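Biologist: Thanks for sitting down with me over this one. Could you take me through the model, one question at a time?

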Amino acid sequence: MTDDSPSDSSDQPSAATFTREQDARILRGLVEDEAALLKWMREHGHSARSVRARAALLGLTNQIVQQCRINGTWPSMRECLACEQRFLSTGSQHRLCRRCRQLS
Ligand SMILES: [Zn+2]
């Protein structure tokens, strides 16, 4: 794999090659043990840069990471109870996407 190589001649769609299971692992891993996560991802062909890009695409921010660390929870993708869209949930009590929370 072209791990962390500066050349950007990639013909692979960088953000689209993660499974749902890997998404879940990324979201949890960045909160719990980033070094272990990035090591595992590297062994499975994903560079640290693509993992971080994926996390950002899923909506993960430093603020959410900090919040989860404080609360002892971790983020995950859930289906909104109202509109059934998948969204980034910050814990088991968080079941509505941002748009539906604003509407309710
Ligand atoms: Zn919703």
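Modeller: Happily; below we go from the overall fold to helix packing and then to single residues.

Modeller: A word on the ground rules: residues are numbered from 1 along each chain as its sequence is written. This is a predicted model, in which local features need pLDDT of at least 70, side-chain atom pairs count only at pLDDT 80 or more, and totals for chains, interfaces and linings use all residues.

Biologist: Good to know. What is the average pLDDT of the chain?

Modeller: pLDDT is the predictor's confidence in each residue, from 0 to 100. Here 85% of the residues score at least 70. The chain average is 87.

Biologist: And over which residues does pLDDT stay under 50?

Modeller: Look for a stretch with zero contacts beyond four places in sequence, where a contact means two C-beta atoms, placed from the backbone, within 7 Å. That stretch, with pLDDT under 50, is residues 5-11.

Biologist: Which pattern does the chain follow along the sequence?

Modeller: Helices (H or I, at least four residues) and strands (E, at least two) are DSSP runs, numbered from the N terminus. The chain has five helices and two strands. Read in order, the pattern is α-α-α-α-β-β-α.

Biologist: Now the inside. Which helix gives the largest share of the largest nonpolar core?

Modeller: A nonpolar core is a set of buried Ala, Val, Leu, Ile, Met, Phe, Trp, Tyr and Cys residues joined through C-beta atoms within 7 Å. Buried means 20 or more other C-beta atoms within 10 Å of a residue's own, exposed 12 or fewer, and partly exposed in between, with C-beta atoms placed from the backbone. The largest core has ten residues: Ile26, Leu27, Leu30, Val31, Leu37, Met41, Val51, Ala55, Leu60 and Cys68. At least two residues come from each of α1 (20-32), α2 (34-43) and α3 (48-58), and the largest share, four residues, comes from α1.

Biologist: Are α1 and α3 roughly parallel or roughly perpendicular to each other?

Modeller: Their axes, lines fitted to C-alpha atoms over the stretch in contact, are 10 Å apart, and the angle is about 95 degrees on a scale from 0 to 180 degrees between N-to-C directions. Asp23, Ile26, Leu27 and Leu30 in α1 meet Val51, Arg54, Ala55 and Leu58 in α3. Angles under 35 degrees count as roughly parallel, over 145 as roughly antiparallel, 65 to 115 as roughly perpendicular and the rest as oblique. α1 and α3 are therefore roughly perpendicular.

Biologist: How many nonpolar residues are in the contact of α1 with α2?

Modeller: This pair packs at about 145 degrees, with axes 7 Å apart. Arg25, Ile26, Gly29 and Leu30 of α1 meet Glu34, Ala36 and Leu37 of α2. Ala, Val, Leu, Ile, Met, Phe, Trp, Tyr, Cys and Pro count as nonpolar, Asp, Glu, Lys and Arg as charged, and the others, Gly among them, as polar. By class, this contact has two charged residues, one polar and, for nonpolar, four.

Biologist: On to α4. Is arginine 69 buried or exposed?

Modeller: Arginine 69 lies in helix α4. Helix α4 (residues 62-71) is hardly covered, with one buried residue among its ten. Because arginine 69 has 12 other C-beta atoms within 10 Å, this residue is exposed.

Biologist: How far apart in space are arginine 69 and valine 31, C-alpha to C-alpha?

Modeller: Beyond neighbours within four places in sequence, valine 31 is in contact with Val65, Cys68, Arg69, Trp74 and Pro75. Arginine 69 and valine 31 are 38 residues apart in sequence, and their C-alpha to C-alpha separation is 6.3 Å.

Biologist: Which residue has a positive phi of about 65 degrees although it is not a glycine?

Modeller: Search the loop between β1 (76-79) and β2 (86-89). The residue there counts as exposed, because it has 10 C-beta neighbours inside 10 Å. The residue with that phi is glutamate 84.

Biologist: Last one: which residues is cysteine 100 in contact with, leaving aside its neighbours within four places in sequence?

Modeller: Cysteine 100 is in helix α5. With 16 other C-beta atoms within 10 Å, cysteine 100 is partly exposed. Its C-alpha atom is 9.0 Å from that of leucine 81, 19 residues away in sequence. The contacts are Cys80, Ala82 and Cys83.
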